[in-house]
Amino acid sequence: MFDLHSHTIFSDGELDPKELLKKMYEENISICSITDHNHCLAYEDLKVNEDIKYIVGTEIATSYKGYVIEILGYEVDYSIINKWYKEYYSDDNLIKREKKLFSELKEISKKNGFEIDSNFEMEKIVKGQSKKTIYYYLKENYKDFSFNNYKDFFRKGLSNPSSIWFIDEGRYYPTIKEVIDLIHSAGGKAILAHPYEYGFDNLNELFSYLIDSNIDGIESFHPSASMYEGIKIAKYCVDNNLYSSGGSDYHNEKRLVPLGIRIVDKVFNFKCFDWIREYL
């Protein structure tokens, strides 16, 4: 088994890097990657582990036509990614961005009939806190607030241009070209993360745009995709001379998503997975 998509406490996971690698080993994962959001901080203090092979990875947010999407970077020089992260997401820039988003979200909530106390503020300011603070306030105070969980609020509301909750957060993210160029400058492969999670009616337009932008591949196997959809993406990668990857997108035990991707040899022998098999 392999698992090239997971998160630690350095972004929004529950385990530290060493704990996650230990868990991967216990689950008989042969090759893994920690892909924390927008950086590679988990690798700065991570020593070489003889028990399990890991590929240095990251997952960087960008946007496409108003939709927030994410691009995985593999085999990157983590020092280059981290240097960019510390500049682009500096404390000053992050605080300004979160405060602006928080104010905009209050206005959108009011416009949609959900008044928020004018004195209500964020308890702390970290990346993503504005959206989560607003979501939990509305969930707690309004029974007719229709989103059952934060993920739906983010994907189907805030990141959906056709939703009354849409907010163009892409203004604060690097462009697709900037992300792909960054990953390439760090010596890595740029691979679109979980295409079926974004809710596009037709993925071909997105794929074509990304290919024109020099994307290297597309993640095929992910909890958001059925086995049939995963194979379909893998075949697309083969037909278009792209790499592919897969992973559990592990964050914590509460998600009830097990670690590891296991696919039959007939599929794993697809050319798009050659780069992963090399690690075996």
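**Rings, charges and two loop residues**

Visitor: At 25% relative accessibility, as what does Tyr 196 count?
Guide: The model is predicted, and its value for Tyr 196 is 25%. Buried needs under 20%, and exposed needs over 50%. The value lies between these cut-offs, so Tyr 196 counts as partly exposed.

Visitor: Where is the place of Tyr 196?
Guide: Strand 6 covers 189-192, and helix 7 covers 204-212. Tyr 196 belongs to neither; its place is the loop between strand 6 and helix 7.

Visitor: Which residues is Tyr 196 in contact with, leaving aside neighbours within four places in sequence?
Guide: The cut-off is heavy atoms within 4.5 Å. With those neighbours set aside, the contacts of Tyr 196 are Leu 203, Ser 224, Ala 225, Glu 229, Lys 232 and Ile 233.

Visitor: What is the C-alpha to C-alpha distance in space between Tyr 196 and Gly 13?
Guide: In sequence, 183 residues separate the two. In space, C-alpha to C-alpha, Tyr 196 and Gly 13 are apart by 21 Å.

Visitor: Is Thr 35 buried or exposed?
Guide: Thr 35 is in the loop between strand 2 (31-32) and strand 3 (53-54). Beyond four places in sequence, Thr 35 touches residues including Leu 4, His 7, Thr 58 and Tyr 74. Its relative accessible area is 0%, and the limit is under 20%, so Thr 35 is buried.

Visitor: How many aromatic pairs does the count come to?
Guide: Ring centres must lie within 6.5 Å to pair. By that rule the count is 31.

Visitor: Why is the pair of Tyr 135 and Phe 153 tilted?
Guide: The ring centres are 5.5 Å apart, with 35 degrees between the planes. Stacked needs under 30 degrees, and edge-to-face over 60. The angle fits neither, so the pair is tilted.

Visitor: How many residues apart in sequence are the parts that Tyr 135 and Phe 153 tie together?
Guide: Tyr 135 lies in helix 4 (residues 129-141). Phe 153 lies in helix 5 (residues 150-158), so the pair ties together parts whose separation in sequence is 18 residues.

Visitor: Which kind of aromatic pair do Phe 147 and Phe 153 form?
Guide: Both residues are buried. Their rings are 5.3 Å apart, centre to centre. The planes meet at 65 degrees, and the cut-off is over 60, so this pair is edge-to-face.

Visitor: Which ring does the charged end of Lys 189 sit over?
Guide: A Lys NZ must be within 6 Å of the ring centre. The charged end of Lys 189 is 5.0 Å from the centre of the ring of Tyr 243.

Notes. Residues numbered from 1 in each chain as written. Predicted model: local features only at pLDDT ≥ 70, side-chain atom pairs only at ≥ 80, totals over all residues. Heavy atoms only, no water. Helix = DSSP H or I, 4+ residues; strand = E, 2+ residues; numbered from the N terminus. Buried < 20%, exposed > 50% of the residue type's maximum accessible area, 1.4 Å probe, protein only. Phe/Tyr/Trp six-rings, centres within 6.5 Å; stacked < 30°, edge-to-face > 60°. Lys NZ or Arg CZ within 6 Å of the ring centre and 35° of its normal.
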